[in-house]
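Visitor: I should like to be guided through this structure, with attention to its charged side chains.

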Amino acid sequence: THPIPATESEIKDEIKRPLPNFPPSIWGSIFTSFSFPEQEFQFYTSQIQQLKEEVKRMLIDSTTDLLKNIDFIDLLCRLGVSYHFENEIEMQLKNIFYAGTHQNDYDHDHLYTTSLLFRVLRQHGYKFKEKVDGEFKRSIVNDLKGILSLYEASHLSVPGEDILDEALVFAREILEKYLASMQLSPHVERHIKNTLIRPFQKGLPRIEARQYISFYEEEESVNGTLLEFAKLDFNRVQLLHKQELSILSRWWRDSNITKQLPYVRERIVESYFWANAFLSEPQYELSRFMISKYLPVVTVVDDTYDSYATLEELIHFTGAMERCDIHATDQLPADYMKFLYKVLINLFNETAWEMTKRGRSYSANSVKEEFKNLVRSYHVEAEWCNNRHVPPFEEYIRNGKISSGTMLVLALAFTGMEKVAGIKEYEWLRTNPEIVEAAKLIACLLNDISGHQDEQKRGDCASSVECYMKEYKASKDQAIEVIRKMSACAAKGINNVCITSTSIPKHVLKIFANIVRACDVVYDRGDGDAFTNPSQLKDHVTSIFIEKIPI
């Protein structure tokens with residue numbers, strides 16, 4: 001081990017640090033140079049206000065027929081505009097659930113209708129169950145719309161619903177046969193391919209809305225008013241998001257972090273992508289800002305613990321984080337560490353000021369405590385790495401669920417949800433209920449699957465993949481298969497809580513569903529960690545933040 005150097009120059013002389021050589025940011029000045037087009041925004045806003053009442057009347061008129069009603073609600077969700085009509089949709093779904101589905105007023109043998117009811121009700125937190133006959137397969141293979149609906153519905157299963165697992169495999173096989181037949185129109189073929197790659201339930205709301213608008217525009221039965229409303233709303237919200245991203249990008253540039261700490265990943269755009277994945281509705285601007293400011297700083301701390309600092313330096317830094325006091329800066333052994341520590345203290349102070357101003361100082365306290373927990377977990381991993389220790393699988397998982405950062409993200413998300421997330425919800429979060437544990441596990445495991453190979457090349461600590469391989473003498477493929485099954489089981493657990501919980505606000509539950517979706521999009525791609533390798537997210541970022549939809 002090295003003696004603790006006193007100055008930055010001594011560090012350079014004595015410690016040879018392996019630079020991780022992360023891919024650089026690919027965004028240049030796209031967002032820092034953005035100027036908000038006020039006139040264009042006002043045009044979208046005025047047009048939307050006019051069309052909104054018309055679409056609302058369509059929604060109310062659809063209630064005369066159960067299938068039309070559930071179809072229209074599904075359409076609003078897929079086009080990304082359901083947030084405008086939350087109260088109306090909630091009331092209508094309650095009526096459908098408590099009245100319609102119990103009165104046999106729809107065709108139980110119609111695959112599309114049954115699957116659609118099942119999916120829409122479950123997506124909105126209703127535990128709708130329909131008896132599915134295992135012999136249905138012979139009679140429905142020619143019902144493409146029904147098969148698509150069944151495939152989508154099968155991703156909302158909960159533990160014990162084996163028939164839906166079978167339905168998923170069956171529906172996928174049939175859809176693949178349709179694609180192989182080469183008898184589909186180009187836009188239907190494209191829709192099926194997109195669905196097989198990532199069904200609606202596993203996709204991120206803004207990405208799915210953009211894709212579905214393009215598909216819906218080519219449908220024969222397109223509703224022109226609704227399509228125009230969806231396009232205008234997408235572009236309007238995109239301008240709001242792009243403005244937020246431009247403010248954050250300038251904040252990151254002005255922080256000078258990348259110049260002072262050149263060994264770290266510069267991921268402000270990707271951090272905002274995460275934040276937007278969790279909460280994309282306009283009213284959650286504060287939550288997005290909070291998550292987007294903390295995540296790139298978390299990334300800096302992660303890179304410092306994983307790839308740059310010595311263990312001796314980290315002992316001092318972890319101790320300083322326990323104090324969270326600017327006066328602890330002097331105990332840090334290196335200038336780069338002092339700079340990073342000051343960035344963190346300033347961020348904590350900024351959060352405390354913002355939340356105290358809103359009468360929610362407990363939010364800032366929770367954020368700080370979760371950040372401390374995260375740093376402690378990073379320190380554990382640094383010790384494992386330094387000692388070349390591969391811990392038992394369960395021991396790794398216990399720490400990995402903390403180092404996933406999920407608890408910090410949830411605490412940050414709650415900061416801007418004052419209407420539904422108060423002291424009670426923060427206290428609930430600290431009890432680590434089933435749905436929280438499941439989200440932490442998924443984030444930990446899917447991150448490991450996507451990034452473990454690159455991390456091992458950089459000399460990071462063992463991931464869950466290596467821990468499982470060592471303890472159970474398994475191959476890499478066997479370990480990944482087990483880990484995928486654990487993640488899938490945890491996702492079913494989240495589905496179950498979302499449709500059975502009566503005490504947790506639905507907007508809070510929705511975050512957990514979106515965490516699973518975000519992890520699936522960023523990590524479960526088969527080509528590595530898209531957060532670390534930003535080119536893999538380029539198309540998504542471009543489609544939802546840069547390129548507007550032609551009107």
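**Helices and salt bridges**

Guide: In helix α23, the buried residues (under 20% relative accessible area, where exposed is over 50% and partly exposed lies in between, with a 1.4 Å probe and protein chains only) are A479, I480, I483, S487, A490, K492, G493, I494, N495, V497, C498 and I499. The model is a predicted one, in which local features need pLDDT of at least 70, side-chain atom pairs count only at pLDDT 80 or more, and totals for chains, interfaces and linings use all residues. Residues are numbered from 1 along each chain as its sequence is written, and side-chain values use heavy atoms, with hydrogens and water left out.

Visitor: How far does α23 reach from its first C-alpha to its last?

Guide: Helices are DSSP runs of H or I with at least four residues, numbered from the N terminus. The expected span is 1.5 Å times one less than the number of residues. With 25 residues, α23 is expected to span 36 Å, and its computed reach is close to that, at 36 Å.

Visitor: How many salt bridges does a search of the whole structure find?

Guide: A salt bridge is a side-chain nitrogen of Lys or Arg within 4 Å of a carboxyl oxygen of Asp or Glu. Searching the whole structure gives a total of 27.

Visitor: How many residues apart in sequence are the parts that K492 and D165 tie together?

Guide: The closest N and O atoms of the salt bridge between K492 and D165 are 2.8 Å apart. K492 is buried at 19% relative accessible area, whereas D165 is partly exposed at 28%. Because K492 belongs to helix α23 (residues 476-500) and D165 to helix α8 (residues 162-181), the pair ties together parts whose separation in sequence is 327 residues.

Visitor: Which residue forms a salt bridge with R172?

Guide: An α-helix has 3.6 residues a turn, so residues three or four places apart point the same way. R172 and its partner both lie in helix α8, four residues apart, about one turn of the helix. R172 is partly exposed, at 26%, and the partner is also partly exposed, at 39%. With closest N and O atoms 3.2 Å apart, that partner is E176.

Visitor: Is K372 buried or exposed?

Guide: K372 forms a salt bridge with E369, the closest N and O atoms being 3.5 Å apart. Both lie in helix α17 (residues 361-386), three residues apart. E369 is partly exposed at 37%, while K372, at 12% relative accessibility, is buried.

Visitor: Which residues are joined into one network by salt bridges that share partners?

Guide: Here the salt bridges have partners in common. The residues that they join into one network are D74, R78, R119 and E152.

Conventions
Helices (H or I, at least four residues) and strands (E, at least two) are DSSP runs, numbered from the N terminus.
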